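Biologist: Could you take me through one part of this protein slowly, the sheet and what packs around it? I'm new to this, so please explain the terms as you go.

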Amino acid sequence: MAPKVYELIAPCHFGLEAVLKKEILDLGYEIARVEDGKVTFYGDAEAVCRANIFLRTTERILLKVGSFQALSFEELFQGTKALPWEDFIPLDGKFWVKKANSVKSRLFSPSDIQSIMKKAMVERMKQAYQTQLIPETGNSYPVRVSLYKDQVTVALDTTGDSLHKRGYRKLASKAPIEETLAAALIMLTPWRKDRILVDPFCGSGTFPIEAAMMAANMAPGMNRSFLSEDWKHIIPRKCWYDAMDEAQELVDDTVQVDIQGYDIDGDIVKAARANAETAGVDHLIHFQQRPVSSLSHPKKYGFLITNPPYGERLEDKKNLPELYTQIGQRFAALDSWSAFLITSYEDVEKYMGRKADKNRKIYNGMMKTYFYQFLGPKPPARRTGDDKG
């Protein structure tokens with residue numbers, strides 16, 4: 001019997017859908033749709049495991065139960081009740097609508113949507129299991145629902161804690177960048193593991209750690225667990241074991257790299273080092289306490305990839321012109337390098353003293369940020385036959 005194929009929904013940061021789409025195609029799955037902030041693809045039980053373990057740029061993997069139109073709460077109730085919940089949730093399963101979001105739809109109150117859908121699910125389960133009592137003492141099945149232009153999409157969350165929680169960041173700096181976002185931004189650059197990467201504002205070390213994990217081919221979900229590991233009736237344990245074995249076999253932590261992280265705060269550098277150790281990549285990164293004003297590197301064709309301060313507090317804002325002027329001066333002194341900065345500060349080009357070659361708008365949560373891309377020249381092609389690029 002062929003394995004059952006589901007529609008799987010992978011949400012991501014707005015503006016980074018193309019990066020996630022490429023990742024899913026690289027894993028070998030067929031894309032169903034690409035929409036704002038999410039990519040839907042087809043996959044079986046094994047795909048749920050592999051997507052959770054291997055994808056670097058999605059927040060979670062949702063298993064679609066169904067979709068329907070609802071212009072009223074009665075239609076929402078009936079539409080939810082018509083879905084085959086018993087195919088997914090066992091009699092003792094604990095289920096609730098964990099999150100509801102609504103855009104351009106008549107029904108927009110999340111709490112009302114949540115309670116009405118829960119009632120409808122209970123009704124369906126009672127009928128399907130021919131019982132008056134739904135115990136909810138077993139494993140968890142959180143439901144996520146999105147309404148867009150009155151179209152309701154209902155899915156189960158297979159992930160649990162968001163996938164940006166890789167398990168390595170025990171200590172965070174003031175304004176950490178999410179691991180999923182950092183990975184996606186690195187993928188937007190031409191950086192490869194044989195090129196230098198420096199983050200002069202490394203904070204808790206997210207950019208260097210994500211880059212090192214990519215270089216060593218370490219799957220981001222290797223050191224964590226997932227909610228649906230307990231859903232043995234949908235995903236056989238063997239699927240999880242096979243996906244984890246595949247991830248272990250791909251790791252190459254003997255890779256030679258030049259990845260560096262600097263921060264002006266010594267305690268933060270210590271925290272970054274501890275995070276890298278937890279991730280298993282501390283031997284691949286050189287961390288150092290160092291202000292941006294002393295940034296330099298003897299080699300050519302490197303990459304600055306960083307999330308510099310953007311002055312969320314007013315008293316910090318007045319320091320930004322000087323800070324970005326310093327970044328611009330140090331970058332200008334780095335012969336033939338490229339720089340990639342994510343920031344919400346809009347005067348970056350003015351103080352860095354040059355116009356960005358590309359600028360991409362990306363939503364970091366609700367904050368509008370810009371990914372400024374200052375491109376240096378490409379290194380000359382190597383003459384040796386062993387360059388795999």
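Modeller: Here is a walk through the sheet, its helices and the core. Keep in mind that this is a predicted model, where local features need pLDDT of at least 70, side-chain atom pairs count only at pLDDT 80 or more, and totals for chains, interfaces and linings use all residues. Residues are numbered from 1 along each chain as its sequence is written, and side-chain values use heavy atoms, with hydrogens and water left out.

Okay, the sheet: it's open, with seven strands in the order S2-S3-S1-S4-S7-S6-S5 and mixed pairing. Strands (E, at least two residues) and helices (H or I, at least four) are DSSP runs numbered from the N terminus, and two strands pair if DSSP finds at least two bridges between them. S2 (30–35) and S5 (94–103) sit at the edges with a single partner strand each, so one side of each has no neighbour in the sheet. From one strand to the next, the twist averages 30°, with angles running from 0 to 180 degrees between N-to-C directions of axes, which are lines fitted to C-alpha atoms, for helices over the stretch in contact.

Look at the S2 edge: S2 and S3 (residues 38–43) run antiparallel, joined by five bridges. Ile-31, for instance, has Phe-41 in S3 as its bridge partner.

Now the helices. H3 (residues 73–81) packs on the sheet, touching S4 (62–69) and S7 (151–157), and its direction makes about 135° with that of S4; contact here means heavy atoms within 4.5 Å. H4 (residues 110–129) also packs on the sheet, touching S5, S6 (140–148) and S7, at about 140° to the direction of S5.

Finally, zoom in on Trp-85: not counting residues up to four places away in sequence, Trp-85 touches Val-65, Thr-80, Met-121, Arg-124, Met-125, Val-143, Val-154 and Leu-156.
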